[in-house]
Amino acid sequence: MSAIQIQGLRPLKGTVGIQGSKNAVLPMMAASLLADGVTVIRHVPEIEDVFSMMGILESLGCKCSLEKGVLTVDTKAASGHRIPEEYVGKMRSSCLLLGPLLAGRGEAVTYYPGGCVIGKRPIDLHLYALKRLGASFFEAGGMILARADRLRGARIRFSYPSVGATENAILAAVTAEGETEIENCAREPEIVWLCRYLRSMGAEIQGEGTHCIRITGVKELKAGNMQIPPDRIVVGTYLCAAAATRGKITISNPPEGELDAFLEVYGKMGGQYNRRSGKLIADGSGTAFPVPFLETDTYPGFPTDLQSPLMAVLTTIPGKSRIRENIFENRFRIVEELNKMGASVAVSGREASIQGGTCLRGCTVRARELRGGAALLVAALAAQGETVIEGCSFIYRGYEHICEDLASLGAQIEEDTGTAFL
Ligand code: EPZ
């Protein structure tokens, strides 16, 4: 596995652009199966998860290309319904294809995605929603066989506002017969973008961003053509890097209003931010105040995907901070690696107590999942000496140019291939 080397203690400064949103583009790529023709999605990041989704679509007979951020998916020759097991293990979002395959083919074969480092990641809510719409499922040795002669609109009431299950329900309902009502649905920006995208394809959807989405099934949809938004989690990660190094950066293309809960905490730590002519200027030089208590929540609460990068910032702030992780049951694995660097974080169940202000020292650490890997990058930027981050392929699953971006902001960073991003 490749590694990244970083010499810390250089305050970041400068301007950086943000890649397209990983978590917005994946369900939009799955939606391409709902229409015959050539889907065009722009500002698409060249990251592992996008390549995996392209691989699955190609295994289903689609023709995909991704050049300079422009993704095309030609579904004219698509006919398959089997999702290759190799992809299911690599990327949980493969289960988002269940809805479109049942809608368009009436059948799908996939596998249980299995858990990952951050949690068990079950898909019971996905299966519940699709059953409500008329699908039936048979399981054999981890394989899932799904069938549906005709999906019919239904009332779906989620016990928990799962992002992925909401996306699967929407993808299945847009061409189902009749009305669908999805109650207690997720309200994340990625849901709003998926609904906007599907509406541009001819879907009839209302209520995205609220607790209830209503859909009237239509007979057919036309291929989509849209630009995806900048990745809000990448923005938050870069602002954490600026705060940890007490630097000041400008984000040239921030998403509109998708980071309020994070920015509120950023301000509480002493960071300053303002928008000017469409840019977001974040000054982390005043970062000095611990956060007595913070908990992650579903949108519009504090995003779980920024919990680890924020923890890395809190280890640099003298005083006691406390974080409660409410979304994933195992999102504190990264603590062990941060403590190796000299942090003082103690975990008890769903809560982590951070005694910040200890001196972080570079050493060799290992990333085991995407956002924990990003947290190690943030900590390495604030550490004395050189840090080597192994397993950085996890980081590249979601961050398109993170080494180049950080280098352009003044970080001294290179990959083990000796590629210095100067
Ligand atoms: C999406 O994952 C994101 N991934 C995650 O980002 C993000 O952390 C998460 O939403 C929460 O915002 C993508 O969009 C590709 P959930 P998803 O279903 O859909 C439980 C990243 O770093 N649950 O809202 O899997 C589940 O175990 C990734 O970019 C069930 O119990 O999130 C978890 O505890 C990580 N049954 C909680 O709900 C189900 O059927 C949240 O899961 C589904 C989920």
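How many nonpolar, polar and charged residues does the lining of the largest cavity have? In this predicted model, the lining divides by class into 2 nonpolar, 1 polar and 5 charged residues. The residues concerned are Arg 333, Ile 334, Glu 337, Arg 366, Ala 367, Arg 368, Glu 369 and Gly 372, and the space that they line has a volume of about 50 Å³. A search of the whole structure finds 1 cavity of 30 Å³ or more. Rolling a probe the size of a water molecule over the atoms is what shows where empty space is left.

One of the lining residues, Glu 337, leads from the cavity to the charged pairs, for the side chain of Glu 337 meets that of Lys 340 in a salt bridge, with an N to O distance of 3.2 Å. Both residues belong to helix H11, which covers residues 334–340, and because they are 3 residues apart there, about one helical turn separates them. The two partners can be set side by side by their accessibility: Glu 337 is buried, with a relative accessible area of 1%, whereas Lys 340, at 49%, is partly exposed.

Beyond this helical pair, salt bridges that share partners join Arg 155, Arg 157, Glu 181, Glu 183 and Arg 214 into one network. Side chains of opposite charge can pair when their charged atoms come close. Across the whole structure, the search finds 19 salt bridges.

Which strands hold the two partners of the salt bridge between Glu 107 and Arg 147? Glu 107 lies in strand S6, made up of residues 107–111, and Arg 147 lies in strand S8, made up of residues 143–147, so that the pair, 40 residues apart, links distant parts of the chain. The N to O distance in this salt bridge is 3.4 Å. Glu 107 has a relative accessible area of 28% and is partly exposed, and Arg 147, with 38% relative accessibility, is likewise counted as partly exposed.

A further salt bridge brings together the side chains of Arg 199 and Glu 208, with 2.6 Å from N to O. Is Glu 208 buried or exposed? Its relative accessibility is 19%, and because buried means under 20%, Glu 208 counts as buried. Arg 199, in turn, counts as partly exposed at 34% relative accessibility, so this salt bridge joins a partly exposed arginine to a buried glutamate.

Key:
Residues numbered from 1 in each chain as written. Predicted model: local features only at pLDDT ≥ 70, side-chain atom pairs only at ≥ 80, totals over all residues. Heavy atoms only, no water. Salt bridge = Lys/Arg side-chain N within 4 Å of Asp/Glu carboxyl O. Helix = DSSP H or I, 4+ residues; strand = E, 2+ residues; numbered from the N terminus. Buried < 20%, exposed > 50% of the residue type's maximum accessible area, 1.4 Å probe, protein only. 1 Å grid on protein atoms, 1.4 Å probe; cavity = no way out; pocket = protein on both sides within 12 Å on 5 of 7 lines; lining within 4 Å. Points joined across faces, edges and corners; volume = space filled by probe spheres on them. Nonpolar A, V, L, I, M, F, W, Y, C, P; charged D, E, K, R; others polar.
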